[in-house]
Amino acid sequence: MTLAFAILAGLTVGAAIAAMTLRNLVHCSLCATVSLVGLALLYLNLGAEFAAFVQILVYVGAVAILIVFAVLLTRSGEAPAGRVSYGLWTGLGVALAVFGTLAWAIGGSSALKALPKDSAVPALPVKDVGDKLVGDFVLPLQVIALLLTAAMLGAIVIAMREAKGNPQPATRNPQ
Amino acid sequence: MKGIVNQLWLIPALPLLAAGIIALLKRPQRKPAAALAIGSMALAFLVSCVAFVATLQPEAGKGAVQLTHNFAWFDLGGSALRLGWLLDPLTAGMLVMVTFVGSLIFIFSTGYMADDENFTRFFGFLALFAAAMLGLLIANNLLFLFMCWELVGVASYLLIGFWFHKPSAAAAAKKAFITTRIGDLGFFLGIVWLYHESGTLLFYDEGAGCLEQTVVTKLFWQATVGGLSVSTAISLLLFCGAVGKSGQVPLHVWLPDAMEGPTPVSALIHAATMVAAGVFLMARVHPLMATVVTPLGEAGSAFEFVWDGGAPFVIAWVGAITAVFAALIAVAQNDIKRILAYSTVSQLGYMMLGLGVGGPAVGMFHLLTHAFFKALLFLGAGSVIHGSHHEQDIRRMGGLRKLMPVTFATYAVGMMALAGFPLVFSGFWSKDEVLHAAMIWSPSKLPFALALFGAVLTSFYMTRQMWYVFFAPRAEAAHAEPAAHHDDHHAHGHAHEPYESPRVMTVPLAILAGATVLLSLFATPVWPWFHAYLGGHLDHLHVGWSADSAALLTMVLSVIAVAVGVGVSWRLYSRSSTSVDAVGSRFPKLFKALEGRLFVDEFYAATVFRLNAAVATLSDWFDRFVWGSVVELTALVAKALAFVSRSVDEQGINFGFDAGCQTTRGAGWLASKLQNGQTQCYLRILGTGVVVLIVALAWMGKN
Amino acid sequence: MNPLHGYLLVSALLFAVGLAGALVRRNAILVLVGVELMLNAANLNFLAFWRYGPNPEALTGVMFVIFAIGVAAAEAAVGLALVIAIYRHYRSSNVEDVATMKG
């Protein structure tokens, strides 16, 4: 438990809480971005550099931008967000319960206690990552390629502005 | 020849068949209807002659011929209802008489009813009546006899009320039926009692019948109410039926009113045949009336009868009273048919008297001769009525002697027979038998005196009638007044002179007149054929004078009675005018009373009818309020049950079902609340589920 | 208390925060943000176990995280496209307004 970890953890969690509680949606999305960056730094702290960079590239570079785009396209930034959902306390209760359970599981787990306190930082050469990708994990690689393609196409189709007067065909295959 | 008894059923069956066919004919077929009826009667007459001949040859020493043919009619569980035909001299004699007189009357009717539009129906009814009467005669079974008895009553009702659109005719028919019904009550009780005691309905059944020695002896020695023996009591009950049917006092009131029917009907039913059925019945069941029962050994009659006590006593008295009562009333009547009707009642009284004092032979002989001359008189009256354009009041007739000679001659023959003119008229002999038997009757001589007085009256009123109808000057006869109360459908012109009837009507009259005279040959004391015939000892018949001094005295007395009656009547009436009755002017009060039929009907109306009406009202009240209440109560209970059932159904079952449905719907509504379309709500549930799962797993892992 | 414990607790906390946001906020975009946070918390969990758990040479944790990030990105793209499409239809990005499945 080093100081760096504490600061980074506090930043991440604090930004997350802010993202979830702020009124203005743009503020929320910016705070979410900060949280994501904080997470990347935590990854760095863990020694997973590649993961950290991927996080930055994808999440902060793409997902956060997507969120901002969505906020802009749905004009949610302009309208004042109304009061929070009617089930505020229920939702908080559930989240609290989940956290409590997890904390209890973490704290009370004997397996965790068995793990050594500190160990050497494992090396993470990028070449090894590449090797693993096309070696052991070639199938997930292909699948995720397909998935990304499909997701991209799907997102475009869903978000496409409909032509006036024509009903949006869901899937049309005359053959 | 003896086998004829098996075919005896043909005799009533032929007219019955004719009646059935006539009933199915359409209206206008007169000739076939008449032909059927007359033809069937003629055939029946032939068969009856065959049967008659069969009874003329009794086996030596065994008494009268008595053939029976019994058979099982239908099965009743273990036993069978047996029916039978009986052929003995009594039956055969009656059969011949009924079919012969019936045929002649049928032929007469074709002329008399020629103008009537219901000709076919008339012959149908006549044939039905003939069938029933003949069935009654041949019956060997109590029940069958009763059935035919009632059928004859029905036919009489239908024929009396033939012109039913006349209220008087309809009322007369009803009166006849009801009055005879009253007598039939006693009759039926007698039948039931006899059946109960004897166990059989057959009269003669080779020793086991209810009129045979075993049963009669047993019944004779059994005693019942008032010390009467059962056989006497049963005979008295059966006599009730005879009182109704044969018009004895007090149930005679229907016979004069029955003259509302057409004259052939009066001739056939109410003179010759049906009313004689009562006398026939008593003759048939005479073994039951025995007052002394002594077995006579193996051969010969089973028992001997002494006619001076028991049921014959009652019968004799009733007969004597009836004879005089009716003769008195007949003196003052003005309707030609009513005079004859009361005369019939009187003669029926004579028959019953004869039966009571002298046995069946005496009564039956008078019945046979009476049938002929009374039928003759009625047909003659019918001829007179027909020729006088349906005029029936004798005060408006007169001088028909010259205008209707054949009718006059035959009517005179009948009148003389009825009055009892000596020697060549059968009526004299038969009445003489009755008087003779009454004179030697031991209990009392009063019936004899009454019968003699009745003979005087008979000749008196018959002479009166003859004078009014045939001899009186025709002063007002040209009046165009149609008949007041009978045959009003007649469409002849007025102011016509009476004319002789057509030959189809006068020929039967002549035949009957001849028969009346001929019959006189059969019962002279010189040749007492009928007695012998009935007793079955025809071979012991001897020709010769076998009468005693009592018989001679009787003959002389009856001749004197006739002479007195005729003479007084002739003197009185031939010297006075027709406007005021000769007797009426001398004894106005008496005449009025007699003319009013001695007020018997009025007496009945005041007592019996009133009682009947009161009982009817009481019954009505009872029915309405007592039984009606019971019925309503039952209905109420049913309604209550229905109400309870309905409430259970509506409240209980429906409500329960509805409640169940409501609950289901409510539960569904509640359950649907979960689906509020809010995604976050679903998420929350998910989250809760996850927590629960983890906790559960951890707990299970721990344990 | 290992550093692992710390990372795990942080991950749990982040997860809870993301869950709370997803359950509570009414705007659809923020729900998606919450979901992303949850995913990221899981990623952190993986990496923590890779670092401090046995056999880090297999690089399993890292690979998983890489794929998870890819999938999360795809899902975020599609999700946000959906939100835009729904916004066009319902004129609102409020989660509570899209309740046609109510029943």
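Visitor: How much of chain C is buried?

Guide: Burial is judged from how many neighbours surround a residue. In this predicted model, buried residues account for 62% of the 103 residues in chain C.

Visitor: What share is buried in chain A, and what share in chain B?

Guide: In chain A, 27% of the 175 residues are buried. In chain B, 50% of the 703 residues are buried.

Visitor: Which secondary-structure elements make up chain C?

Guide: One counts the helices and strands, and then reads their order along the sequence. Chain C contains three helices and zero strands, and its pattern along the sequence is α-α-α.

Visitor: How many helices and strands do chain A and chain B have?

Guide: Chain A has seven helices and zero strands; from the N terminus on, its elements run α-α-α-α-α-α-α. Chain B has 25 helices and two strands.

Visitor: What can be said of contacts between residues far apart in the sequence of chain B?

Guide: One takes the contacts between residues at least 6 apart in sequence, and asks what part of them joins residues at least 24 apart. For chain B that part is 77%. The corresponding value is 55% in chain A and 53% in chain C.

Visitor: How many residues does each chain give to the contact of chain C with chain A?

Guide: An interface is described by the residues on each side, the elements that supply them and their chemical character. Here 61 residues of chain C and 69 residues of chain A take part. On the side of chain C, the elements giving two or more residues are helix H1 (3–24), helix H2 (28–52) and helix H3 (60–90). H3(C) supplies the largest share, 20 residues. By character, this side of chain C divides into 45 nonpolar, eleven polar and five charged residues.

Visitor: How many residues form the contact of chain B with chain A?

Guide: Ten residues of chain B are in contact with nine residues of chain A. The side belonging to chain B consists of six nonpolar residues, three polar and one charged.

Visitor: How is a single helix to be read, and what is the span of H18 in chain B?

Guide: The distance from end to end is set against the expected value, and burial is then considered. Helix H18 of chain B covers residues 446–471, which is 26 residues. From its first C-alpha to its last it reaches 36 Å, close to the 38 Å expected at 1.5 Å a residue.

Visitor: Why is H18(B) described as largely enclosed by the rest of the structure?

Guide: The reason lies in its burial: 21 of the 26 residues of H18(B) are buried, so the helix is largely enclosed by the rest of the structure.

Visitor: Where does Glu197(B) lie, and why does it count as partly exposed?

Guide: For a single residue, one considers the element, the exposure and the partners. Glu197(B) lies in helix H6 of chain B, residues 167–198. It counts as partly exposed because it has 16 C-beta neighbours inside 10 Å, whereas a buried residue would need 20 or more.

Visitor: Which residues are in contact with Glu197(B), leaving aside its neighbours within four places in sequence?

Guide: They are Leu219(B) and Val230(B). As for Cys210(B), 13 residues from Glu197(B) along the chain, the C-alpha atoms of these two residues are separated by 8.9 Å.

Visitor: What confidence values does the predictor give the complex?

Guide: Confidence is read for the complex and for each chain. The complex has an ipTM of 0.91 and a pTM of 0.63. Chain C has a mean pLDDT of 89, with 98% of its residues reaching 70 or more. Where pLDDT is low, predicted coordinates should not be read in detail.

Methods: Residues are numbered from 1 along each chain as its sequence is written. Chains are lettered from A and ligands numbered from 1 in the order in which they are written. This is a predicted model: local features need pLDDT of at least 70, side-chain atom pairs count only at pLDDT 80 or more; totals for chains, interfaces and linings use all residues. Helices (H or I, at least four residues) and strands (E, at least two) are DSSP runs, numbered from the N terminus. A residue is buried if 20 or more other C-beta atoms lie within 10 Å of its own, exposed if 12 or fewer, and partly exposed in between; C-beta atoms are placed from the backbone. Two residues are in contact if their C-beta atoms, placed from the backbone, lie within 7 Å. Ala, Val, Leu, Ile, Met, Phe, Trp, Tyr, Cys and Pro count as nonpolar, Asp, Glu, Lys and Arg as charged, and the others, Gly among them, as polar. pLDDT is the predictor's confidence in each residue, from 0 to 100. The expected span of a helix is 1.5 Å times one less than its number of residues.
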